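Here is a friendly walk through a protein model, in questions and answers. Have the sequence and the 3D view open as you read.

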Amino acid sequence: MTTTPSLEALLRIGPFHSALRAAIRRRGLTLERLRLRLAQQDVAVALSTLSDWQQGRVRPISPKSLRAVSVLEELLEVPPRALRTLLEHTGPSGWPDVVPGMMPGFNANDLEILSRHDRVFVDAARHASRVDVQMVVRARRDGVDRFYAHYFCDDSAETAELRQEPVRNCRLGRSTRDETEHVVVDELLFDKPLLEGETWVFEFVAHDPTRLDSIEYAHGVRCFLAQSLIEVHFDPAAPPVDPHVYLQDWEEPEPHRTIDLELDHTNSVHHFETDVSVNWVGIRWRWA
């Protein structure tokens, strides 16, 4: 895993819920303890509401809620207006509308991702050389006509080797390669501009010729993902050891294991999850 952003970075780039969660964690407070401290300041916030705020399920937008956020800034000892500024400058997904220096498409709020299904193929040489991706998205405004596909490579990989190929209902536009962040961003253009609320289904394939042993595959979640399905297919000549599901937020230094998996009759494992609000959900394995 690459280094995760600090609280200071999250307070600058967001999203709000990740910054709030990181601030709570740094102070070592439980949500119940935080609720009690708010109450001592004559600010009543339900425990479930605090949980929704830090998970990104609900954003505080009412005057009463914003008053609570103001008090939270004091209790969590973050700079004045740090959390409120994130709320004021974020789009519907919870990310800032504009983040200076951010890679193309990373802060785009025009599309809501309803479903993402990735099929990963690991060959006999233990390389995840191909990933088939099918996505369902919904436009948040009129005129949306593209999606930015981000592929994060291994830290020692050359991004120039990676290629993302449009398969259905999209075509390749501009491409950006950031060797520092080891990420490839390909602009996938739709066949037509979408109307607000209109959904679109499209498919593409990522070809990764990197000659490195693969040990994991994950979905990066910016704010919320309604449905996430990851399938990993292994060559019968190279079965993995200890496949399992993991979750990780950006402020967490290490992922945490959640579900043990077993190979099925096709030498495959999969994980389906709904209402994903953590930053990474993935499958990890080892080699004997």
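Q: Over how many bridges do strand β10 and strand β13 pair?
A: This is a predicted model, so local features need pLDDT of at least 70 and side-chain atom pairs count only at pLDDT 80 or more, while totals for chains, interfaces and linings use all residues. Residues are numbered from 1 along each chain as its sequence is written, and side-chain values use heavy atoms, with hydrogens and water left out. Strands (E, at least two residues) and helices (H or I, at least four) are DSSP runs numbered from the N terminus, and two strands pair if DSSP finds at least two bridges between them. Strand β10 covers residues 241-248, strand β13 covers residues 280-286, and their antiparallel pairing has 6 bridges.

Q: Which residue of β13 is the bridge partner of Y246?
A: Y246 has a partner in β11, namely R257, and β10 and β11 pair in the antiparallel sense over 4 bridges. In β13, the bridge partner of Y246 is G282.

Q: How many of the 8 residues of β10 are buried?
A: Buried means under 20% relative accessible area, exposed over 50% and partly exposed in between, with a 1.4 Å probe and protein chains only. By that cut-off β10 is mostly covered, and the count of buried residues is 6.

Q: Which strands stand at the edges of the open sheet of 4 strands?
A: The order of this sheet is β8-β13-β10-β11, with antiparallel pairing. Each edge strand has a single partner strand, so one side of each is left without a neighbour in the sheet; these strands are β8 (216-220) and β11 (256-260).

Q: What is the order of the strands in the open sheet of 6 strands?
A: The pairing in this sheet is mixed. Its edge strands, each pairing on one side only, are β4 (163-168) and β12 (268-276). The full order is β4-β7-β2-β1-β9-β12.

Q: How many bridges join strand β1 to strand β2?
A: Strand β1 takes in residues 111-122 and strand β2 residues 128-139, and the two run antiparallel. One of the partnerships is V122 with A128 in β2. The number of bridges is 11.

Q: Is D118 buried or exposed?
A: D118 has its place in strand β1. Contact means heavy atoms within 4.5 Å, and D118 touches residues including V131, D132, Y217 and H219. Its relative accessible area is 0%, so D118 is buried.

Q: With which side chain does the side chain of D118 make a polar contact?
A: A polar contact is a pair of N or O atoms within 3.5 Å; within protein, one must be able to donate a hydrogen and the other to accept it, and residues adjacent in sequence count only if both atoms are side-chain atoms. For D118 the distance is 2.6 Å, and the partner is the side chain of Y217.

Q: Which helices are included in what covers the buried residues of α5?
A: Helix α5 spans residues 63-75, and its buried residues include A68, V69, V71 and L72. The cover over the buried residues includes α2 (16-27), α3 (31-40), α4 (47-55) and α6 (82-88).

Q: What distance separates the C-alpha atoms of N267 and F234?
A: N267 lies in the loop between β11 and β12 and touches V232, H233, F234 and P236, not counting residues up to four places away in sequence. N267 and F234 are 33 residues apart along the chain, and their C-alpha atoms are separated by 5.6 Å.

Terms used. The expected span of a helix is 1.5 Å times one less than its number of residues.
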